[in-house]
Amino acid sequence: MGCFFLKNEVLLPFQYNFKISTEMSGTKKIKSALISVFDKTGLEPIIKELHKNGVTLYSTGGTQAFIEKHNIPVVRVEDLTSYPSILGGRVKTLHPKIFGGILTRRDLASDQEQINEFDIPELDLVIVDLYPFEDTVASGADHSAIIEKIDIGGISLIRAAAKNYKDVVIIPSKNQYAPFLEIISARKGETTEDERKSFSRDAFEVSSHYDTHIFNYFNAGEKEVFKHSITEAQTLRYGENPHQKGIFHGDMDEIFEKLHGKALSYNNLLDVDAAVNLMGEFKNDGPTFAILKHNNACGLATRDTLHQAYLDALAGDPVSAFGGILISNRTIDLATANEINVLFCEVVIAPGYDAEALELLKSKKNRVLLIQKEVELPKRQFRTILNGVLEQDKDLISEIKSDLESRTNVKPTESEIEDLLFANKLVKHTKSNTIILAKNKQLLAGGTGQTSRVDALVQSIHKAKSFNFDLNGAVMASDAFFPFPDCVEIAGNEGIKVVIQPGGSIKDQLSIDYCNDNDIAMVFTGNRHFKH
């Protein structure tokens, strides 16, 4: 598992990889245990093993009933504290006889004198599984129901036991049941200090993750602090380069069903992310296929059939397509799979695969085949820079016909408007500075990541011509405004007569005048789409 937070400091992610300690330093035998869990799944073998080793069990409420159901003796917390569970169960374990038994230092005489004075039993083990706050929020429950799922006693027990790990074992969630059971079964209820410290680390991860989600629920983005916690983690073969360590924090299975192939690499994941975000623009369009390389599209087309969409996407740059990431907005059929199978590609993503198509694509053992699930992606982005983090809203604006403002005498036709919108979706997902050239809903070429817009245009023209595309009748999209008329002049000389750009330059009129003088149609969107 991995976890990270940032507010003036950084906690680095770690992996949970528990092994039974071979060092017997600080070995202690569990003689008493307090158990208070929401989810009882997996608890039965633990309580049976504890009972077999003669451990005295303390519990309350539903957990107590669960233990009794298995005919195992259990001491009611209420009998220990002489207080009943009150306030509808809000207060059950919050009592000095509980926390004194957890926090007492076994090697400190004054602590031992006090627990003897007040007849407080030592508690060597605490097992907790918190109220499911995250799940309750995700379920769409009302505010009052969510508030009731903020665990108070459980989180307090976790912190107390974790603090006193030298003497106490803390099992903070059901995720730790299996390694704990393995330990106590192997050593008849004994644990080492290293093992207790490891469980303590897990406990503070559980509590900090829990509190982070509570804070974010209450904050709702109002207070500008950076608090995120992700418990799922996957160690990658390496990072961007072999000498860099790489970890993916997140639940890949939530987004994809992996059908075949090797593990995704760091660079694969960057490309997959770019592919998914790009294809999201075409989710409701006709059959569309895209090919990406280094986070940018090198081919994309929308056609009447997926087979033809793939062929025309590949035609956009069959050289760069080698080793690329392929994504479709339709189920991949056998005809399309036959074409794909000729190409060496790293990953194929689609909402589904016909049975014959899937079997064919599986013939390359390392090719990764993914089914993309219907999942809402995050609406915020962040990246580390310098000694901090940049955070922003995702660029979720996708222009439609009514957003286009015609600024020239010549107006685009309906088919040209369709191409403009097609190109504008692409330009939004291409590295800045960028120019996109498109025609008949096919990417002809893109100039990507250039230091000047003119360079991006020249690159795209050169690339389109190298693959024998006719630029007459093509459209040009720019991610940002033209500060000078040079780009529309260069494009016009190549036969490009329709342009889409954000506008907003103090010298917009220069480009407008050139377009009017040369019968070029140009529309403004009002929205810049930088991508860095």
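**Group meeting: a walk through a predicted model**

I will start with a hairpin: β16 and β17 form it, with two residues between them. Leu-386 sits in that turn and has a positive phi of about 45°. The two strands, β16 at residues 380-385 and β17 at residues 388-393, run antiparallel and are joined by six bridges. As one point to find on the screen, Phe-382 has Glu-391 in β17 as its bridge partner.

Before going on, a word on confidence. What you see is a predicted model. The mean pLDDT of the chain is 92, and 95% of the residues reach 70 or more. Residues 1-18, however, have a pLDDT below 50, although the model gives this stretch 60 contacts beyond near neighbours in sequence. Where pLDDT is low, the predicted coordinates should not be read in detail.

Now to the sheets. One is an open sheet of six strands, in the order β10-β15-β14-β13-β11-β12, with mixed pairing. Its edge strands are β10, residues 256-260, and β12, residues 296-302, and each of these pairs on one side only. From one strand to the next, the twist averages 20°.

Within this sheet, β14 (residues 345-350) and β15 (residues 368-372) are parallel and share four bridges. Ala-350 is placed opposite Ile-371 of β15. Which helix packs here, touching β10, β11, β12, β13, β14 and β15? That is α12, residues 266-280, whose direction makes about 150° with that of β11. Helix α13, residues 306-316, lies across β11, β12 and β13 and runs at about 30° to β11.

Next comes another open sheet of six strands, ordered β18-β23-β22-β21-β19-β20, and here too the pairing is mixed. Why is one side of β18 and of β20 left without a neighbour in the sheet? Strands β18 (405-406) and β20 (443-447) stand at the edges and have a single partner strand each, so one side of each has no neighbour there.

Further in, β21 at residues 475-478 pairs with β22 at residues 498-501 in the parallel sense, over three bridges. Met-476 has Val-499 in β22 as its bridge partner. Helix α16, residues 414-428, packs on this sheet and touches β19 (435-438), β20, β21, β22 and β23 (521-524). The direction of α16 makes about 35° with that of β21.

Two loops next to α16 are worth a stop. In the loop between β18 and α16 we find Lys-411. Its C-alpha atom is separated by 5.3 Å from that of Ala-521, yet the two residues are 110 residues apart along the chain. Setting aside neighbours within four places in sequence, Lys-411 is in contact with Ser-406, Glu-416 and Ala-521.

The other loop, between α16 and β19, holds Asn-433. The peptide bond from Ser-432 to Asn-433 is cis, and its omega is near -15°. For context, most residues other than glycine have a negative phi, and most peptide bonds are trans. A further backbone exception is Ser-82, which is not a glycine but has a positive phi of about 65°. Ser-82 is found in the loop between α3 (77-81) and α4 (96-103).

Last, the empty space. Rolling a probe the size of a water molecule over the atoms shows where such space is left. How many cavities of 30 Å³ or more does a search of the whole structure find? The search finds three. The largest cavity has a volume of about 40 Å³. Its lining consists of Glu-281, Ile-397, Ser-398, Glu-399, Leu-421, Asn-424, Lys-425 and Lys-428. By class, that lining divides into two nonpolar, two polar and four charged residues.

There are also pockets, and I will take the second largest, which holds about 520 Å³ of space. It is lined by 25 residues, and Gly-89, Arg-90, Lys-92, Tyr-131 and Asp-151 lie nearest its centre. Which elements each supply at least two residues of this lining? They are β2 (32-37), α2 (61-69), β5 (125-129), α7 (143-148) and α8 (153-163). The lining of this pocket has ten nonpolar, nine polar and six charged residues.

Terms used
Residues numbered from 1 in each chain as written. Predicted model: local features only at pLDDT ≥ 70, side-chain atom pairs only at ≥ 80, totals over all residues. Heavy atoms only, no water. Pairing = 2+ DSSP bridges. Contact = heavy atoms within 4.5 Å. Axes fitted to C-alpha atoms, helices over the stretch in contact; angles between N-to-C directions. 1 Å grid on protein atoms, 1.4 Å probe; cavity = no way out; pocket = protein on both sides within 12 Å on 5 of 7 lines; lining within 4 Å. Points joined across faces, edges and corners; volume = space filled by probe spheres on them. Nonpolar A, V, L, I, M, F, W, Y, C, P; charged D, E, K, R; others polar. pLDDT = per-residue confidence, 0-100.
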